[in-house]
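Here are my notes on the pockets, for when you have the model open. Shout if anything looks off.

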Amino acid sequence: MSRLAPGHRGCAGCCDAMAANFVLEAVGDDAIVVSPTGCLEVMTTPYPESSWEVPWIHSLFENAAAVASGVDAALKAMGRKGNTKVVAIGGDGATLDIGLQAISGAFERGDDITYVCVDNEAYMNTGVQRSGATPYGASTTTSPAGKQSFGNPRPKKNMPAILVAHDSPYVATTSISYPKDMIRKVKKAVDIEGPTYVHAHAPCTTGWKFDTSKTVEVGKLAVETALWPMYEMENGELSNVRKVKNRKPVEDYLKSQGRFKHLFTMDGGKDEITKIQAIADWNVKHYGLE
Amino acid sequence: MKNKMTVVEGSYTVAHSVKVCRPNVISAYPITPQTHIVEDLSQFMADGEIPNCEYINVESEFSAISALVGASAAGARTYSSTTSQGLELMHEVLFNVSGMRLPVVMTVANRAVSAPINIWNDQQDSISQRDTGWIQLYAEDTQEAGDMTAQAFKVAEEREVKLPAMVCMDGFILSHVYEPVILLEQDLTDEYLPKYEPEYFLDTKNPMTFGAFADPTTYTEFRYLQQKAMDNALEKIEKAADDFNKIFGRYYGGLIDTYKTEDAEIIIMAMGSIIGTIKDVIDKVRSDGIKVGLVKVRSFRPFPVEAIRKALAEASVVVTLDKNISLGLNEGALLTEVKSSLYNTDINVPVMGFMLGHGGRDIPRRTIRMIIDKAKDTMRSGIAVESEFADLRGDLV
């Protein structure tokens, strides 16, 4: 089974390397991987080295979905499609922000690709700038906490809902902290014909500011506080939800990371935490997590 | 039946050429005046006339060319067509295609760029992509645009080249004109253009990494090798034209073509559909005893420096005509390149440039005649103005 070869330049505790390994385990050797620009691309392919043991292509930041469509079309046209899976693995910036249009095009056309978003909630490759996936209240280098700022002023863009609205046959959320869940969902996604989407929550030790040994732990806290709901949508219908037993307060998640530290020290920070708790409560109700 | 002429639209001639070149993936987004090409190709697809081909209806030009990055890297023969704003939107990807050495072929139905928005012909769009690492060929008429399409695949896919190629044809003037042409025959095209068999492609049986990042220790060499490939393309463009002539019996020049230059004192240089008008005027002024010749530039990238030096060596004055301008330099690209080609040589000939035909402004014979008269003045008294608009409306400025 293909895995990411050792020697890549990922940080200790890197969520991207874990995500890539899980995707590779799920798709097997008969796959072609497309990566947009981002940490994963940079850390795995410093010419003339590569960590990829499946055919892999990187073009630009905003076009991974279109490149994947082209690969899929070429395989079909030349009679080489067989059972080969075409999988794009992109970060949240490449997916929710700059690459959104190309993804919309590929999903609207119904191309037979799977897109996996590894969501570490900011532009980590360029030094932790906010993206459309940065959560409410997180301090980043372009949404810093300050005398008049509690950090990022907007909640995360709901990317899975956007792709459900494209009539995708399969949209799922998962987390790199739950390898079995992620591998199962990616495998299911690639086995379903048509454009499918898996959105994996992925804690970044560098950007979120936690110890390199805590990646999995922090990811679990997001799920256990209901800030990151894990579900599957098949043909537009919610088909499976990971229930949250003994739900923890959001403070448990927030205090595990430096990017939310200001909420515990600033005047008014408590009110902000209350707002974040409301997001978790909404998730519980909306997705039926309890 | 061979060599049967038929009257069709220029866009159809090109679409037919694309079809018989047997592409595997076509990806395009509609934009005036390119639309008829992609409509004709879509109809061919709907009628099952292009076997082993997928047509991707993308949501933008950016995705049109991006999809071809994936398709070409996967080993497919690939084609797109665009113009103007669409080509400008592709700009970032154009560098990527050439940097990854993918032999994509694309027709550019040349059109002005916005603002002000204008759908008519000039060549600012493709000239603005000069440094993206694409081969750029310019067609004089619709027959040449169709034939050049096959030649472009041939050159782009050469092992020593492996670069993308644009076939530039003037929007409306060529894309929408109905002319008698010989459509490329399938059997002859198959003989001319063999199946595309890349050495490296995305292959699950032999995994490779495409599009790795290069740091300062290796990046320079990628650029150097692209330039070497452009150098190699010079010979391959000549060869593609010669081979085409052998099989189809038609020839328009290789890198350049010349018209009555042997004894010419004044040599005009230009690209695209304006060539026909210039030839008409040359025939007329020669009957008045003025020795004028023409150098038609077919290949703008790679720029045929040696061929141009040779063609201009005996001229008394050289005139370039440009449907584009480098704002801030007040020169069209051909003027800049021709002057650059002659510098540091023994050829000491005055070169004067005229910009004309912007945004589809008509170029009548009298404009060319006026330019020839100015060139005669230059022969007598030297250059007064090196570069100017030939068809400026004084009443508006």
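The points below go through two pockets in turn.

1. First, the ground rules: this is a predicted model, where local features need pLDDT of at least 70 and side-chain atom pairs count only at pLDDT 80 or more, while totals for chains, interfaces and linings use all residues. Residues are numbered from 1 along each chain as its sequence is written, chains are lettered from A in the order in which they are written, and side-chain values use heavy atoms, without hydrogens or water.

2. The largest pocket (on a 1 Å grid over the protein atoms alone, an open set of points where a 1.4 Å probe fits, with protein on both sides within 12 Å along at least five of seven lines) has a volume of about 1,400 Å³ (the space filled by probe spheres set on the points). Its lining (residues with an atom within 4 Å of a point) runs to 40 residues, with B:G99, B:M100, B:R101, B:G211 and B:F222 nearest the centre.

3. Both chains feed that lining: helix 2 (39-44) of chain A supplies at least two residues, as does, among others, helix 5 (91-99) of chain B (helices are DSSP runs of H or I, at least four residues). Helix 9 of chain B gives the largest share, six residues.

4. The second largest pocket holds about 490 Å³. Of its 25 lining residues, A:K156, A:L227, A:W228, A:I279 and A:N283 lie nearest the centre. Helix 11 of chain A makes the largest contribution, five residues.
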